[in-house]
Amino acid sequence: MTTDTDPRFAGLPGRPGKIIAVHLSYASRADQRGRRPADPSYFFKPSSSVAASGSVIERPAGTELLAFEGEIALVVGAAARRVALADAWRHVAWVTAANDFGLYDLRAADKGSNVRSKGGDGYTPIGPALIDARDVDPGALRLRTWVNGEPVQDDTTAGLIFPLAQFVADLSQHFTLEPGDVILTGTPAGSTVVIPGDVVEVEVSAGGVTSGRLVTTVVEGPDVAFDAAVGSLPAVDDTQRAEAWGSREAAGLPEAQATGAARTALSPELRAKLERTPVAGLSQQLRKRGLNNVTIDGVRALTPGAKIVGTAKTLRFVPNREDLFASHGGGFNAQKRAFDGVGEGEVIVIEARGETSSGTLGDILAIRAHARGAAGIVTDGGVRDAEAVASVGIPVFSQGAHPAVLGRKHVPWDLDVTIGCGGTTVQPGDVVVGDADGVIVIPPALAEEVADAALAQEEEDAWIAEQVAAGHPVEGLFPMNDEWKARYRAWQETK
C-alpha cells in the first residue's frame, strides 16, 4: 500500500486520483501527424505509472519503440464540475513538467486507449517542482525537452490548438475533476524514440519561474516474455515506427507511397473513358502490349451489373496463426485502417490468397468505405453479410459469400503494399476496372493509352457487327482485310 510519502509522487502534492492525457494538442505535432483535431480527445493513465525526477524507465526486452513526450502537467487544486471556460483556470493549483512515455510496440491492440502502451510502471514521470498557477500566464508557458543534453523539443503554449483552460472546462462537463488530479496537456513536435542509456530531461518555465529539469534514464528491462495466453504481444510495423520516431525519415524508412487523396487520382476525363470501356476490351489492348497476367481471377460482382473504376488501395491478409492474430487482429488493425483511410475514387483490393471459407469484410466496413467515397472493393476471399453488403450501394467483387468471421482463416497484416489478388500482382495506385467479365489491373502509365485504344476498338467492332447484321459474311470482315478497312475509314470520315 502506498501513501502520500511514496517517493514516486515526490513531484506532486500526493497520489493523483486521476491522470487524464490529451491525445493531440500542439499545432506542430498535428502538422507532423498530418491531422488536426476539431476538439480535444483524451485517455487515462493509471496513478501507478507516476515516477519522480531521477527515476528510471524500463524498455521491455525484445521491444524497440519506446518514445518520450515532454508535456506540461496541470494539477487540479479545486474541484471542477461543469465549469465555464472563463472560470476554468482558477481550478488549477500548480503547473509542472511531465513525460508521457509510450511503448509503440503495444499500440496495435489498444490504440486510442493506450492502456498497455502508456500505462506501464514509471511511464509518467512528473516534477520535480510545482509552479503556482496563479503566478503564470497559461498562454505563455515554455516547454523544453533534452535527450542526452541535446535539445529536441522547444515550444510554448501559444502553439497549442486549444488553450490549457479548455481542457479543464471540457473534462469537467463529463466528470468531476478533484483536487490532486493531473491533466497531461499533450506534446509538441520532436517526440521520438529513446534507447537504454539515454537520459531525457523536461522543463516547464514561465518568466523567472521553472519546474526544474525532470530527469529520466532509460534502462533495459528484464527478459520477461509477454504471455500470449492472456493478452496481446508486442508487434511493430513501419506505420508504428514512423509515428514513434516522428517521421519515416527519422525512422530510416523509405518514402511512403501516397495514400488517399494525396495519391495520384484518375482525371475525370480518364475515369469517364474507363467507365465506358468494357474490361474485355481493356484486356485485349493490354495483351497487345505484352501484358497477359493482369486479371484478378475468380471474382464476380456481388450485385449484377456493377462496374468499378478506381485506383488500388491494397490490404494484405496472412493465414491465421493464433499468436499473430492476438497481436495483429484486434484493435485498430490493418483491415480497419484500410477502410478508415480509403480515399475518394480508390478501390480497396484485398489479398486473401483465394481462401473462400471465411469473410474478408462485412456490411459495417462496406458502409465505411462507401461513406469515404471509395469506388469499390475487390477481394479474392469471401464476403460476410452478403445481402447487407450488396444493399450498401458500393460495388463489391469477391469469390462469393461466407458466414464465418475474418479470424477463422486470416490475420490482417499490412496495407498500401504490393499484394497478390486472384493470381495477379496489384500495387498501390494501379488502375482497377471491373464489370460482368471480371476485374483487370492496369499500370497507371498505360491507362490512358489502353482506354483510348479500347474505345476505338469498340467503335470498330460495333461497325463490323452492323455489317454482319446486314448480311455480310465474316470472312474478310472479322478481322478486316484491306478492302473492308478502306470502307471503314470512309465511314469514319462521314461521321
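Helix α5 is followed by glycine 246, whose phi is positive, near 110°. Helices here are DSSP runs of H or I with at least four residues, strands are runs of E with at least two, and both are numbered from the N terminus. The model is a predicted one, in which local features need pLDDT of at least 70 and side-chain atom pairs count only at pLDDT 80 or more, while totals for chains, interfaces and linings use all residues. Residues are numbered from 1 along each chain as its sequence is written, and side-chain values use heavy atoms, with hydrogens and water left out.

Back in α5 itself (residues 238-245), Gln240, Ala242, Glu243 and Ala244 are buried. Buried stands for under 20% relative accessible area, exposed for over 50% and partly exposed for anything in between, with a 1.4 Å probe and protein chains only. The buried residues of α5 pack against α1 (27-33) and β5 (66-67), where contact means heavy atoms within 4.5 Å.

Next come the sheets. Seven strands make up an open sheet with mixed pairing, in the order β2-β1-β12-β6-β7-β9-β3; two strands pair if DSSP finds at least two bridges between them. At the edges sit β2 (42-45) and β3 (50-51), each of which pairs on one side only. Edge strand β3 runs parallel to β9 (residues 124-132), and 2 bridges join them. Valine 50 has threonine 124 as its bridge partner in β9. Strand β9 also holds proline 128, and the peptide bond that leads into this proline from glycine 127 is cis, with omega near 0°.

Most peptide bonds are trans, and most residues other than glycine have a negative phi. Two residues go against the phi habit. Arginine 82 is not a glycine, yet has a positive phi of about 55°. Its place is the loop between β6 (70-76) and α2 (85-88), and its relative accessibility of 55% makes arginine 82 count as exposed. Asparagine 148 is the other case, with a positive phi near 55°. This asparagine is partly exposed, at a relative accessible area of 45%, and lies in the loop between β10 (142-147) and β11 (150-156). Those two strands form a hairpin with 2 residues between them, and asparagine 148 is in the turn. The hairpin strands β10 and β11 run antiparallel and are joined by 6 bridges, with arginine 142 standing opposite threonine 156 in β11.

Strand β18 (residues 308-319) is another story worth telling. Of its 12 residues, 10 are buried, so β18 is largely enclosed by the rest of the structure. With β19 (residues 346-351), β18 runs parallel over 6 bridges, and arginine 316 has glutamate 351 as its bridge partner there. With β22 (residues 410-415), the sense is antiparallel and 5 bridges do the joining; histidine 410 in β22 is the bridge partner of proline 319. Strand β25 (residues 431-435) also pairs with β18 in the antiparallel sense, over 4 bridges, and valine 433 in β25 stands opposite valine 309.

That leaves the helix packing around α12 (residues 447-469). The axes of α6 (residues 268-276) and α12 come within 10 Å and cross at roughly 45°. Axes are lines fitted to C-alpha atoms, for helices over the stretch in contact, and angles between N-to-C directions run from 0 to 180 degrees. Angles under 35 degrees count as roughly parallel, over 145 as roughly antiparallel, 65 to 115 as roughly perpendicular and the rest as oblique; α6 and α12 are therefore oblique to each other. The crossing of α6 past α12 is left-handed, a label used if the near helix is turned anticlockwise from the far one by less than a right angle, with right-handed for clockwise. On the α6 side, Leu270, Lys273, Leu274 and Arg276 meet Ala447, Glu448, Ala451, Asp452 and Leu455 in α12. The residues of this contact divide into 5 nonpolar, no polar and 4 charged, with Ala, Val, Leu, Ile, Met, Phe, Trp, Tyr, Cys and Pro counted as nonpolar, Asp, Glu, Lys and Arg as charged, and the others, Gly among them, as polar.

Helix α7 (residues 279-288) packs on α12 as well, at an angle of about 115° and with the axes 9 Å apart. The crossing of α7 past α12 is right-handed. Here Gly281, Leu282, Gln284, Gln285, Leu286 and Lys288 in α7 meet Val450, Ala451, Ala453, Ala454 and Gln457 in α12. This contact of α7 with α12 divides into 6 nonpolar, 4 polar and 1 charged.
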